[in-house]
Amino acid sequence: MTANELKRAAERVAKLKAQAEKLSAPLADAQAQLQAAQEAEAIRRAERAEVYDREFSQTWPARAQDAANSGDAARERFFEALHAEPWFAAYVEYRAARYKRGHVLTEAQRAQRALGEVVTVPEQRWYDAEIVDEIVRAVENQAGKIGAQFSEELDVARESYVSGTD
């Protein structure tokens with residue numbers, strides 16, 4: 001490399017350093033402003049989160065009661081609809097037959113005791129109603145999904161409040 005080439009390379013490096021310094025000052029300012037804005041936003045969000053959390057913590061009993069009571073009308077509609085279903089009436093009739101048998105067995109046992117006879121009438125055997133368990137499982141599965149959706153709505157409401165978009 002010649003002295004002339006060396007001189008030009010050094011000038012070029014000096015020129016690029018000057019340009020870099022000229023551009024780095026606004027970049028550093030912008031980065032500082034961004035950091036300050038992010039810190040201010042984090043403080044604002046923390047303050048709003050504290051307000052939201054305090055309010056929610058103080059009102060949870062009423063909210064829980066409202067949530068629990070929100071199903072009362074649906075429960076009434078459910079039982080009205082259930083009693084109107086032919087399959088339900090048939091199932092009730094089927095289960096009632098088990099109760100009738102139990103009453104017959106109890107009366108026969110009483111009669112044998114009253115006559116001083118050895119009681120040979122068996123005890124009532126109750127069999128689990130599988131259909132009810134299956135219905136309960138289906139209901140709990142669907143109710144769990146609705147509950148999860150409500151939980152997501154609570155999360156969105158909190159985030160909306162904390163973000164200030166409420």
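**R98**

I looked up R98 first and found it buried, with a relative accessible area of 15%; buried means under 20%, exposed over 50% and partly exposed in between, using a 1.4 Å probe and protein chains only. R98 is found in helix α3, where helices are DSSP runs of H or I with at least four residues, numbered from the N terminus. I noted that the model is predicted, that local features need pLDDT of at least 70 and side-chain atom pairs pLDDT 80 or more, while totals for chains, interfaces and linings use all residues. Residues are numbered from 1 along each chain as its sequence is written, and side-chain values use heavy atoms, with hydrogens and water left out.

I then listed the contacts of R98, meaning heavy atoms within 4.5 Å. Leaving aside neighbours within four places in sequence, R98 is in contact with Q124, R125, W126 and Y127.

**Q124**

I followed the contact list to Q124, which is found in the loop between α3 (86-114) and α4 (130-163). Is Q124 buried or exposed? I found Q124 buried, because its relative accessible area is 17%.

I checked the side chain of Q124 for polar contacts (pairs of N or O atoms within 3.5 Å; within protein, one must be able to donate a hydrogen and the other to accept it, and residues adjacent in sequence count only if both atoms are side-chain atoms). The Q124 side chain reaches the backbone oxygen of R98 at 2.7 Å. A polar contact at 2.8 Å joins the side chains of Q124 and R101. Beyond neighbours within four places in sequence, Q124 is in contact with R98, R101, G102 and L105.

**R48**

I moved to R48, in helix α1 (residues 3-69). R48 counts as partly exposed, because its relative accessibility is 22%. Outside neighbours within four places in sequence, R48 is in contact with Y161, V162, S163, G164 and D166. I also took the C-alpha separation of R48 and A138, which are 90 residues apart along the chain, and got 40 Å.

**α1 and α4**

I looked up how these two helices pass. Their axes come within 8 Å and cross at roughly 135 degrees; axes are lines fitted to C-alpha atoms, for helices over the stretch in contact, with angles from 0 to 180 degrees between N-to-C directions. That makes α1 oblique to α4, since angles under 35 degrees count as roughly parallel, over 145 as roughly antiparallel, 65 to 115 as roughly perpendicular and the rest as oblique. The contact includes R44, R45 and R48 of α1, and among the α4 residues are L154, A157 and R158.
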